[in-house]
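Here are some friendly notes to read alongside the structure. Take them one at a time, and keep the 3D view open as you go.

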Amino acid sequence: MFDKLKKAFGGSDEPQAPKVEEKVEAAPVETKAPAEEPKAASAKPRIGYIHLSGCTGDAMSLTENYDILSTVLTDMVDIVYGQTLVDLWEMPEMDLCLIEGSVCLQDEHSVHELLEAREKSGLIAAFGSCAITGCFTTFARGGQQAQPKHESFLPINALVKVDLALPGCPVAPEMIAKAVVALCEGDLDYLKPAMDWAACDKGCGCDVLTNIIRQGLCTGCGTCALACPTRAMGFSEGRPSCDRDRCIKCGSCYMMCPRSWLPESRIKKETGL
């Protein structure tokens, strides 16, 4: 995965070393022109954006980066695909594709677009809770307006391989901005948690109760309750509790819990198991 990131966004220092040597040894006229072309390509990654089934809250969160939005969209990346951002229907090759929303199995267009995006994208990022866990769309059973035949909604990792995940309902504007900047700069240390989140399948407060509290790992920090967008997570005597009627299975509580990502060896050492 690290190699893929380095190749897509020029994050590795290894390919840059030969270019410096070539400039010193070869004639300036012959080497300058070809050396500048790959730098321009890696400096402006080709970004795509796809909206499937969701509330568009993550795209709205993206636009809340008022202070740097124009710089990111014009100077740092090239938005090459996305019906809400670019008037282009034929999907091009992309370095990164942000996919918001879960995929409806009864929507042939969405399924086809998702599969095509996987073929034409160097990296796929699940953008928000609906794309990662299915979130509130998993409660749909058909009969709802305006598409009563739509009854089966799945997270996108059920159909394609996901490389990165930006959790949240919606994703925090600061997280989006920092992730895009990190991708452009090849900051793999910052992106490591997003790569780990791509494999997370924990989507509700019950997972916190089962895997954290009942295992004696909870420290009572309150992060899960603060991360919950519907106040489904509450606190009683310093420990979380989950109101299942409020829970929308967005996974924010589990993903934001600092104890949920402890390595198994560390957990066994601390608990004496």
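1. Let's start from the outside. This is a predicted model, and its chain exposes about 14,800 Å². Carbon and sulfur atoms supply 54% of that exposed area.

2. Now look at the overall build. You can trace 13 helices and nine strands in the chain. Of the 273 residues, 44% are buried. Among contacts between residues at least 6 apart in sequence, 75% join residues at least 24 apart.

3. How many cavities of 30 Å³ or more does the count come to? The count is four, and the largest cavity has a volume of about 170 Å³. It is lined by 17 residues, of which Leu62, Val72, Leu73, Leu98 and Val180 are the closest to its centre.

4. Stay with the largest cavity a little longer. Its lining takes at least two residues from each of strand 1 (46-51), helix 5 (69-76), strand 3 (94-100) and helix 8 (173-185). By type, the lining residues are 15 nonpolar and two polar, with no charged ones.

5. Finally, the cysteines. A disulfide needs two cysteine sulfur atoms within 2.5 Å, and the count here is zero. For Cys218, the nearest cysteine sulfur is that of Cys224, 6.4 Å away. Cys218 counts as buried because its relative accessibility is 15%, under the 20% cut-off.

6. Cys253 is a good one to check yourself. Why is the sulfur of Cys253 not in a bond with that of Cys247? The two sulfurs are 6.3 Å apart, which is too far for a bond, although Cys247 has the closest cysteine sulfur. Cys253 is buried too, with a relative accessible area of 7%.

Definitions and conventions. Residues are numbered from 1 along each chain as its sequence is written. This is a predicted model: local features need pLDDT of at least 70, side-chain atom pairs count only at pLDDT 80 or more; totals for chains, interfaces and linings use all residues. Side-chain values use heavy atoms; hydrogens and water are left out. Buried means under 20% relative accessible area, exposed over 50%, partly exposed in between (1.4 Å probe, protein chains only). Helices (H or I, at least four residues) and strands (E, at least two) are DSSP runs, numbered from the N terminus. Contact means heavy atoms within 4.5 Å. Accessible areas come from the Shrake-Rupley method with a 1.4 Å probe; for residues, only the protein chains shown count as cover. On a 1 Å grid over the protein atoms alone, a cavity is a set of points where a 1.4 Å probe fits but cannot get out, and a pocket is an open set with protein on both sides within 12 Å along at least five of seven lines; lining residues have an atom within 4 Å of a point. Grid points are joined across faces, edges and corners, and a volume is the space filled by probe spheres set on the points. Ala, Val, Leu, Ile, Met, Phe, Trp, Tyr, Cys and Pro count as nonpolar, Asp, Glu, Lys and Arg as charged, and the others, Gly among them, as polar.
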